[in-house]
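This report describes how the strands and helices of one model are arranged. The structure itself comes first, and the description follows.

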Amino acid sequence: MNHTMALRFGGTFNLRFDDTNPLKEDQKYVDAIKEDIEWLGLQPEIYFGSDYAAEILEAATNLIRKGKAYVCDLTPEQITAYRGTLTEPGRSSPYRERTIEENLSLFRRMEAGEFATSSRVLRAKIDMGSPNINLRDPVLYRIIHAEHYRTGNAWCIYPMYDFAHPIQDMIEGITHSLCSAEFKGHRPLYEWVLHELGAVEPPKQREFGRLNISGMVTSKRYLRELVELGYVDGWDDPRLPTLRGLRRRGVTPQGLLRFLRELDVFRNNSLVDSAMMDHYIRQDLKERCYNVMAVLHPLKVVLTNYPDEEERLLLPHREGDEAMGVREVPFTRELFIEREDFMEEPVPSFHRLSPGKEVRLKGAYFIRCDHVFKDETTGDILEIHCTYDPLTKSGSGFNARKVKSTLHWVSAEHGIKAELHLYQPLLKASAVLLESDNDWTELANPNSLITIEGAILEPSMRDAVPDRTYQFIRHGYFCVDSKFSMHSRPVFNRIVSLKDSWKQPEREPDGS
């Protein structure tokens, strides 16, 4: 969003890591975010808030010299109690009227490491009676004796985000700093800091609404809970709306941008149907996918009159797109079809294969079912025997009779076994997230991941690559699972199904 907004106004955008709390920073997050941004095709300038430690410290010292900041000895719990509530004003700290000289001395001693963690803080001196609780002498600096992942032990005092943010923007020459809507109440503090520091052309903070998607968890705090408690298999779980999860699921940057461009930017928080996101992902995949035959629940078919040899059929990589070329698919005497494509006692609306009925095998021949073989104990169908008509080969011009169905298939001899992951929304439709203490066992959809073992794919998928997407005919769009797939046991994730349940709203005559 920052990128497209900058492009719209002929500007640039920065990727800045606000790494001002050593307890919450880790190089693995930096590396992951860089990789995600690169995957999106973006190349922003990269900055680190920790690189501005000296400048931010000097800014704090200047505020003390102006009488706009003081060192406070209240405990964190006392500071919270003194701050008041949304309906009651706060109370001034007993240390609020310390002299400038005393505050400068204490702040230098804080920087030198003379005091214990959390024993003292530097606070802005603004207005304890302000209706905006963020202006009631907010904390600017705190003591943390911990090693920082970039600066090591060079510092033991660290700025709060609300203080560091406007200073970082000012240093980088930011014109507009875009924040989510919950920071709107923080804007007066952002502007106060810039004013007191004498910013000549102060940056402007502007807020946008958070985008929530039905069935998904978008809160970082909740995502962390799901990852650390093991409800998902990591930050790249395809059920998560993280860039890593979407990438592993097979969503392309182009599909994601299609979705976001359609939504544009809201001022208030919004909730959209996940089917809308799937719609735009599907529209993108239609333009880039290779067609493949895959049988999810195999039923063996034996063509009793087919010679004991194989035939190489040429099928298009994508129906109706000659530019995509063709692929060779082996056709043999023994094949697999979908179990659901055969019914021994068909209902009136069933037009696929059944005893005595004829169907076409995609790109191949007409076949007719002659015999059904069952397990004598369970009654389960083991295989069916059929005959094929050699005159009905696809492309031969045969039109003496018609069939009502065309079935996809895979050669039993050449097909490869694969594991398929089918994804549904992570949350139940009735799930309501609380501010804390969410019971994920009650909220999580138990069918959010359906694993199908023993699917059979046409042999061309032996060379499937992670960055390519495929349409499994009748089953949806799939990609190689970059985390669990192996050459000896390929795993594929379903990106979206073929069925589109979201309808694009009609536009008014004026285009709105």
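## A bridge within a strand pair

In this predicted model, Leu422 has Ile450 as its bridge partner in strand S23. Strand S22, residues 416-423, and strand S23, residues 449-457, run antiparallel to each other and are joined over seven bridges.

## The sheet and its edges

An open sheet of seven strands, with mixed pairing, follows the order S11-S24-S25-S26-S22-S23-S12. The edges are taken by strand S11 (290-292) and strand S12 (294-295), and because each of these has a single partner strand, one side of each is left without a neighbour in the sheet.

Helix H11, which spans residues 274-286, packs on this sheet and touches strand S24 (469-472), strand S25 (476-480) and strand S26 (491-496). The direction of H11 makes about 115 degrees with that of S26.

## The crossing of H3 and H6

Elsewhere in the description, how do the axes of helix H3 and helix H6 cross? The axes of H3 (residues 53-65) and H6 (residues 161-172) come within 10 Å, with a crossing angle of roughly 115 degrees, and the two helices are therefore roughly perpendicular to each other. The crossing in which H3 passes H6 is right-handed.

On the H3 side, the contact is formed by Glu55, Ile56, Ala59, Ala60 and Leu63, which meet Phe163, Ala164, Ile167, Gln168 and Ile171 in H6. The residues of this contact between H3 and H6 comprise eight that are nonpolar, one that is polar and one that is charged.

Technical notes. Residues are numbered from 1 along each chain as its sequence is written. This is a predicted model: local features need pLDDT of at least 70, side-chain atom pairs count only at pLDDT 80 or more; totals for chains, interfaces and linings use all residues. Side-chain values use heavy atoms; hydrogens and water are left out. Two strands pair if DSSP finds at least two bridges between them. Helices (H or I, at least four residues) and strands (E, at least two) are DSSP runs, numbered from the N terminus. Contact means heavy atoms within 4.5 Å. Axes are lines fitted to C-alpha atoms, for helices over the stretch in contact, and angles run from 0 to 180 degrees between N-to-C directions. Angles under 35 degrees count as roughly parallel, over 145 as roughly antiparallel, 65 to 115 as roughly perpendicular and the rest as oblique. A crossing is left-handed if the near helix is turned anticlockwise from the far one by less than a right angle, and right-handed if clockwise. Ala, Val, Leu, Ile, Met, Phe, Trp, Tyr, Cys and Pro count as nonpolar, Asp, Glu, Lys and Arg as charged, and the others, Gly among them, as polar.
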